[in-house]
Amino acid sequence: MPCERKQLRYGHSEGHTEVCFDDTGKYIVTCGNDGDVRIWEGMDDDDPKFITVGEKAYSLALKKGKLVTASSNNTVQIHTFPDGDPDGILTRFTTNATHVTFNSSGSRVAAGSSDFMVKVVEVSDSSKQKTLRGHEAPVLSVTFDPKDEFLASASCDGSVVVWNIEEQTQLISWPLLQKTNDVSNAKSLCRLAWQPRTGKFIAVPVETKVQLYERGTWDHVSTLSDDLLTQPINVVAWSPCGQFLAAGSVGGSLTVWDVNSKLCVERQKHEKGFTVCGLAWHPSGSQIVFTDTEGCLSLLDGLNTSSSNAEPTKAAAKKPAREYDDLFDDDDDRLMDEGLSDTNSPVKKPVAGDDDDDDDFLMPSTGRVRNRGAILDDENSLDTGSLRLGQDKFGDDDDTGSAVMPPAAPLVPLRPVYEGPMPTPPQKAFQPGSTPAHLTHRFMMWNSVGIVRGYNDEQDNAIDVEFHDTAVHHAMHLTNSLGHTISDLSQEAVLLACPSTDELASKLQCLHFSSWDTNKEWMVDLPQGEDVRALCLGQGWAAVATNALMLRLFSIGGVQREIFSLLGPVVCMVGHGEQLLIVYHRATGFDGEQALGVQLLQFGRRKRQLISGEPLPLSHRSYLSWLGFTAEGTPCYVDSEGVVRMLNRSLGNTWTPVCNTRETCKSKSDHFWVVGVHENPQQLRCIPCKGSRYPPTLPRPAVGILPFKLPLCQTGTEKGQMEEQFLRSVLFHNHYSFLSSSGYEIDEDGQTQSQKEQQELLMKMFALSCKLDREFRCVELAEMMTQNVVTLAIRYASRSRRMALAQRLSEIALEKANQIQEEEQEEQEEEPQYSRRTSGYGQSESAGGRYSSRCNQEEEEEQGEELREEEEAQEMETEEAETRRRVNPFAKEAGSLVEPSLTPIGKVGRANPFKVSTGKPSAPSGQPRATNILDSMTSSRKSAPLSGSTGKPSKGPVLKPLAPRPKTKTQSTLLQMTNTKSANKKAQENTEPAAEKQKQPEAPPPASPAENTENKRPKTGFQLWLEENRKTIVADQPDLEETDVIKEAMGRFRTLSAEERLSWTERAKGQSGEAADLKKRKRAEGGGGGGGGVENENENGQAEADETSAKRKKSLDPSSKLSAFAFNKN
């Protein structure tokens, strides 16, 4: 009994669902947990009529235009059918009714309830009721004897009882079931069924078997079982002829037995393994409809029960082959239309081309092949005796492969049995953004340009084209005389295609509305036997994929440009700009999986294939439901489980899941129908569909917007959220690099903004990792930062007293600076006009020189602000912070402009810190400057110790804390210190939280004292105070070295009141005005001035020589460098 299982569809919200056919078999009627009764005109009805009967509907029955339902308000209601008008309440219980059923004539209704009672009510007069009392627990099910004498009921008390209706008495009670306290806890619903017509047997599902009891004697006569049934049977139903019994089980198994032979003639498995809780035969006996506990509805079609009659023994053998073949006449349009054959049947010869295994694609993963052309079959294994459709002569299909034979027949050899995974029906080709072709009113295309609607009803066969932006083109109404079924729409044209007929070839029609000439339409006939399966439009081209595994490329004006073979049958195809994305079947999938492949081509001046036949990843047991490009040109797709995936070009063209629309759905039957994706802003544009996978054309659906969310771990935590935001930001801004490499103009502001956003997130993650004492993780994050942001990270680490971390970060900063310099050198070689850029950081290790530090001001201000807020606990008084800011050689003043140093700078604002130059400064460029506070620190391997405040210069010049430059000229370098012993001693003191260390004076890399003239820099208030009080300090403590003098002076200066310190600062400002003007004039003339606190105006080049000689004497300790800015708040 070969049959086809239709695809599952959602009917109700999850929960118990029941189903029945009406008397004619035209309608399928379901009720469910949402309180609705839905009336479906077939499995493809996407807009079923519904009647709301209560908060929940537990059971329904339908007969002779009367629909009876048991709902959650403890009533049994009656409605007219199919109109659905309320027709009163039949009866009430004290709790909800659990099951209702009609008798064979439709004159009575029986209902069982959770209050242990069963009532039998006359439909014509509901006052005539009989109540059957005797159960000791909620009633599970009820069923009428076809002759209307008896009624059987099953209950949670474990009993199955037969009642005499008229006398309201129990005739017999069988203790067959497991006792429970409520229907919801029962292992099985135990839906009893009385054989129609004769009423000879009553079927009782008990565990994994069905027990048959004889009417009248009430004796147990036989058991129907199947070795593959492992879970309890929930519901049983007789075929209208009374010869077959269908059962649905908790595990999702569907089994059909021939009751006369007691053989299993059909096995199916629910495609998702949900519990079957509703089962009904079509009045013709050719279909079984079933529902599950998740609210889904499905159908078994093509069941052949019509050959069964009272004496079929000889008739079956003589049955003509044509009648058997009639089963498959309607199957041409099926998913697999090649091979539904039954090579086992003695009455049917294998048809040429029909002997492949495609029919078994429809078999669930029960691990068994039914009696219908096994994959391992051959002509010698035909079992001529085993399939006589007669009584007691059905071929057995259990695991032994044995057969029940006619008495005279000899034993046949055992058949081989295939027990591997089952093939999946390949999904049909579809057009993304369209609704199914069988609908009379449908969307042929909905994309970012507009909407194409198709109408095919009695009045009209037409196509309407509507544009979201009417500036592109006005709306169009086209008569669809050719019967176009596939469409695409772009800013330039509408592309339509129709399938071939017996007389006409498949045609491609293009309405090129953007053409500047008067002929705006062209049409092409495809070769004989070739049908369009998918089509799409790009910029200046149209592509068509056909069933001959061919792709034909046309220009938008109709010139045939390319033709090539596809790698497999096309599933769908989309275009965007110069890109063409094709998805096809690369192989047969198994166990519900689709095996799809993807090809991505780019037609530019140089045509190339970006992805060549890679597998397309899908969710488990899902299929492709939408394919497209983002508005920015990145391929993406959606599968039937609602997972949206996008191409990650930066990771070798892998596919990253960026959203799961199912997480936003309120009910399992709801879906989102995607119509577009945008990367900037990040939006998934889709239409919410309640209880369906796609929207109706009327009323016009509203488009909603869903956010993206990468399925990272622990996104409930702060760390997980920031990681998800960062990764998403990186992924959604990959298109900038692709577009620029493809020669498109890009939005540089947007790109800059995205980079800034990513760096801010990295900095936040860095701060979080610092708080969690995850220093290794901090370094990993720093590797991803730009040089500017590493600088901020170093500052943050130093303030957090994490000197080891800060040191590692300084090495990273140095590496990044070197990389930048190398890139710069390459640019220099390519662009001679930038030849004045100085040679790279290669000198840093030998020269130990001074880096010029320079920041992208905006970025540093914003991020610095955030850091300052986090560090408020460590904040000192405002005036002290201001003083520190002025004297810290690493600090950038928040308000200062980005000013070029006197070292020539390339267009990206980077400078060689070592080279002493007399060149003129370049103008500040609009690009962000690279910044590195640790520019002046060499890597630990070749650096020399540097003290926290200052070292002792070799020639003992008087060292003063450096005065800041005027605010617009802030630059800084790190000093070279010479006395190794005192430096090391100071390095150990760096860990003290002494704020004095923030005001390091700078010494020139060993240069003559004469060069350190005071008038080179404006003085700070502290310098003025130190000049006047130096003698006092030296007199108090004559044995102090210069370093300690300054340290002592800092301590004393801090003890002054805020007003006193402010007055010194004001005095210093008064003195510094002239110096600043002088400095500006010097800069304008291209005079000396180094990149920092100490002037390196080396008129005679003396300093360079001194630097080199000093280098031999010193070895700098990097940790001491860090202390130099350890407490700088800026």
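Here is a short chat about helices, sheets and salt bridges in this predicted model.

Reader: Let's start with α14. How far apart are its end C-alpha atoms, and what span should its residues give?

Author: Helix α14 covers residues 1042-1055, which makes 14 residues. At 1.5 Å a residue, they should span 20 Å. The model agrees with that, because the end C-alpha atoms of α14 are apart by 20 Å.

Reader: Which residues of α14 are buried?

Author: To count as buried, a residue needs a relative accessible area under 20%. In α14 that picks out E1042, T1043, D1044, V1045, I1046, A1049, M1050 and F1053.

Reader: Over to α6. Why can we say its buried residues line one face?

Author: The buried residues in α6 (residues 775-783) are C778, V779, L781 and A782. Look down the axis of α6 and these buried residues line one face of the helix, because they fall within an arc of 160°.

Reader: And what covers those buried residues of α6?

Author: Other helices have a part in that. The cover over the buried residues of α6 includes α5 (748-771), α7 (787-799) and α8 (803-830).

Reader: On to sheets. Which strands are at the edges of the open sheet with β16 and β17 in it?

Author: This open sheet has 4 strands, paired antiparallel in the order β15-β16-β17-β18. An edge strand pairs on one side only, and that fits β15 (139-144) and β18 (169-175).

Reader: How much are neighbouring strands of that sheet turned against each other?

Author: Leave direction out of it and take the average. For neighbouring strands of this sheet, the turn comes to 20°.

Reader: What is the bridge partner of N164?

Author: Strand β17 (residues 159-164) runs antiparallel to β18, and 6 bridges join them. N164 has its bridge partner in β18, and that partner is T169.

Reader: There's another open sheet, the one with β34. Which strands have one side left without a neighbour?

Author: The order here is β34-β35-β36-β37, again 4 strands with antiparallel pairing. The strands at the edges each have a single partner strand, so one side is left without a neighbour in the sheet. Those strands are β34 (486-489) and β37 (521-525).

Reader: Which residue in β36 does L496 stand opposite?

Author: Strands β35 (residues 494-498) and β36 (residues 507-511) run antiparallel, with 5 bridges joining them. Opposite L496, in β36, stands Q509.

Reader: Now salt bridges. How many residues apart in sequence are the parts that R108 and E122 tie together?

Author: The side chains of R108 and E122 meet in a salt bridge, at 3.0 Å from N to O. R108 lies in strand β12 (residues 108-113) and E122 in strand β13 (residues 118-122), so the parts tied together are apart in sequence by 14 residues.

Reader: Is R108 buried or exposed?

Author: The cut-off for buried is under 20% relative accessible area. R108 has 9%, so this residue is buried.

Reader: Which residues are linked with R108 in a network of salt bridges?

Author: E122 is one of them, as its pairing with R108 already suggests. The network links R108 with E122, K130 and E166.

Reader: How many residues apart in sequence are the parts tied together by E641 and K272?

Author: This salt bridge has an N to O distance of 3.6 Å. E641 lies in the loop between β47 (635-639) and β48 (643-648), and K272 in the loop between β26 (263-269) and β27 (276-281). The pair therefore ties together parts whose separation in sequence is 369 residues.

Definitions and conventions
Residues numbered from 1 in each chain as written. Predicted model: local features only at pLDDT ≥ 70, side-chain atom pairs only at ≥ 80, totals over all residues. Heavy atoms only, no water. Helix = DSSP H or I, 4+ residues; strand = E, 2+ residues; numbered from the N terminus. Expected span 1.5 Å × (residues − 1). Buried < 20%, exposed > 50% of the residue type's maximum accessible area, 1.4 Å probe, protein only. Pairing = 2+ DSSP bridges. Axes fitted to C-alpha atoms, helices over the stretch in contact; angles between N-to-C directions. Arc of directions from axis to C-beta. Contact = heavy atoms within 4.5 Å. Salt bridge = Lys/Arg side-chain N within 4 Å of Asp/Glu carboxyl O.
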